[in-house]
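Thanks for making the time this morning. I would like to walk through a few local features of one structure, so please have a look at the display before I go on.

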Amino acid sequence: MCAWRRLHGSVRTLRGSLLRGCLSSTAATRRQPGRCGGLTLCQSLSTGGALRNDFFKDLEDQLAAMRKKAADALPGSSWTPFEINPNLPPETADIVIVGGGVVGWSIAYWLKQKERLPRGMRVLVVERDPSYSRASTVLSAGGIRQQFSLLENIHLSLASADFMRNINEHLGVMNEDPVDLQFNHSGYLFLASEEVAHIMEQNYNTQRLAGAKVSLLSPQRVKENFPWINTEGVALASYGLENEGWFDPWTLLNAFRRKAISLGAIQCFGEVTDFKYTTHIRVTADEEQLEMRRIKSVKVQMPNSMEYQPVECAIVVNAAGAYSGKLAEMLGIGRGPKDSLDGLPIPVEPRKRYVYVVHCPDGPGLDCPFLIDYSGVYFRREGLGGNYISGVSPEEAEEPDTSNLEVDHQFFEDKVWPKLAHRVPAFEKLKVTSAWAGFYDYNTFDQNGIIGIHPLISNMYFATGFSGHGLQHSPAVGRAVAELILDGEFKTLNLKGMSFSRIFAQEPMLEQNIV
């Protein structure tokens, strides 16, 4: 098998060299002794395009005949052991991004956009799900908002909204259709009870100081603006006036991917199953011994195959979403003594969330915002014709099984519908038409993103743990990670608070009054 790989590789190398004009008849004659019908091999190849084509055609015909002969020798099987997988990733890359969701492709785009090397960086994006049927990006509700309590999240949203507003200036590709995110600017409407109304006011002040356009509404104003809402129990509401709404997640992902590939990024469908890395011991001022790691290569397992490809690389970006914690475990992170840095795992795991599509002919119309009730239940309009999507995050003790993406329809009956119908009486007559489930990359520490390099892995950067905010923040997060890699620091937004230091210091940064 190795001999056949080398033969194929030699043919591809020689073909490329000829096409680039790197072999001339005179130079090649002096360097390549040998016979080929009375001429040296390279003299023969250099006599004309037709002869070159005949040479490669004959060689490929012979290879095909030998593969067929070998396959025929295997009783009852059409499998050929000599076929080379054309989808293998390259053997080397400058940067390997593990995770081809919207965050991973955003990072790839910004790296290629910002690159300063004359020959360019080789950026490889590895995604394990070719169909994207289990990808968190495409299974989300597709919302974006500025109504957070933390400045980091507000700034990420503002920057991402600006990017989306001018998306074709960034992600447009020549001779391709323009990007249409199908952005609906209906805004978010948060409802607060008496118990948390004061927190909503504090958040409002923070948001306005950060530049977000948000308005506080009394229950009376809510009823005037949205007469279909039952305001019972509502003490205060917060409404996003601009840069909020929802869009098509799949379109954004594909726009980042298409642009990044047009700039030279490489796409590979496979799963990173192992790393090769070196270690050395570092002693801290407290005389604690730390095992430092540096990744040398990643092992990419091809889908539905025993074939794999080691890829040597200088930098790895962990954008594996819900599975980023398990990826770090391959490097021994979290397996050391419990009271040590080595024993502290990446606090990111998959959490399953249900999204229900309902139909209600008499439901809210075009003025319907993305409404989030203080009970945690949310809904928004889905197109026209009385369709909506809705859901709620389960209680910690009721977290569903993450081994599959099956939908619990009883959960809607028990936890979602009663609260929906209470807040919008028209929803008493709704009908569930479909549903799906997706995974959050849930940060169990504080439900906020982790952006930056791991202190024990000198060349692995993380962009994970966004707990439902990854899609909306992906444009700004991609730029931030590219800045860390290429500039050595955050340049555009100060996101130092989202680094690993808060986890090691056990200082969570928690959102207030936010679902």
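When I speak of contact here, I mean heavy atoms within 4.5 Å of each other. Please also keep in mind that what you see is a predicted model.

With that in hand, let me begin with helix H10, residues 249-262, whose 14 residues should span 20 Å at 1.5 Å a residue, and whose end C-alpha atoms are indeed 20 Å apart, which agrees. The buried residues of this helix are Pro 249, Thr 251, Leu 252, Leu 253, Ala 255, Phe 256, Arg 257, Lys 259 and Ala 260. What covers them includes helices H5 (102-114), H6 (151-165), H7 (167-171) and H13 (470-487), along with strand E8 (266-269). Just after H10, Gly 264 adopts a positive phi of about 115°.

Let me turn now to strand E4, residues 188-192, where five of the five residues are buried, so the strand is largely enclosed by the rest of the structure. Both of its faces are covered, with Tyr 188, Phe 190 and Ala 192 buried on one side, and Leu 189 and Leu 191 buried on the other. As for its pairing, E4 runs parallel to strand E13 (residues 370-372) over three bridges, and it pairs in the antiparallel sense with strand E6 (residues 236-240) over four bridges. Leu 189 takes part in both pairings, since its bridge partner is Leu 371 in E13 and Tyr 239 in E6.

That brings me to the aromatic side chains, for which a search of the whole structure finds 25 pairs. One of them joins Tyr 188 and Phe 190, whose ring centres are 6.1 Å apart and whose planes lie at 20°, so this pair is stacked. Tyr 188 also forms a stacked pair with Phe 370, at 4.3 Å centre to centre and with 5° between the planes. Because Tyr 188 lies in strand E4 and Phe 370 in strand E13, that pair ties together parts that are 182 residues apart in sequence. Both partners are buried, Tyr 188 with a relative accessible area of 4% and Phe 370 at 5% relative accessibility.

Tyr 239, which we met as a bridge partner of Leu 189, also belongs to one aromatic cluster with Phe 226, Trp 228, Phe 379, Tyr 388 and Phe 427.

Finally, where do arginines lie over the face of a ring? Arg 145 lies over Phe 148, at 4.1 Å from the ring centre, and Arg 479 lies over Trp 110, at 5.7 Å from the ring centre.

How values were computed:
Residues numbered from 1 in each chain as written. Predicted model: local features only at pLDDT ≥ 70, side-chain atom pairs only at ≥ 80, totals over all residues. Heavy atoms only, no water. Buried < 20%, exposed > 50% of the residue type's maximum accessible area, 1.4 Å probe, protein only. Helix = DSSP H or I, 4+ residues; strand = E, 2+ residues; numbered from the N terminus. Pairing = 2+ DSSP bridges. Expected span 1.5 Å × (residues − 1). Phe/Tyr/Trp six-rings, centres within 6.5 Å; stacked < 30°, edge-to-face > 60°. Lys NZ or Arg CZ within 6 Å of the ring centre and 35° of its normal.
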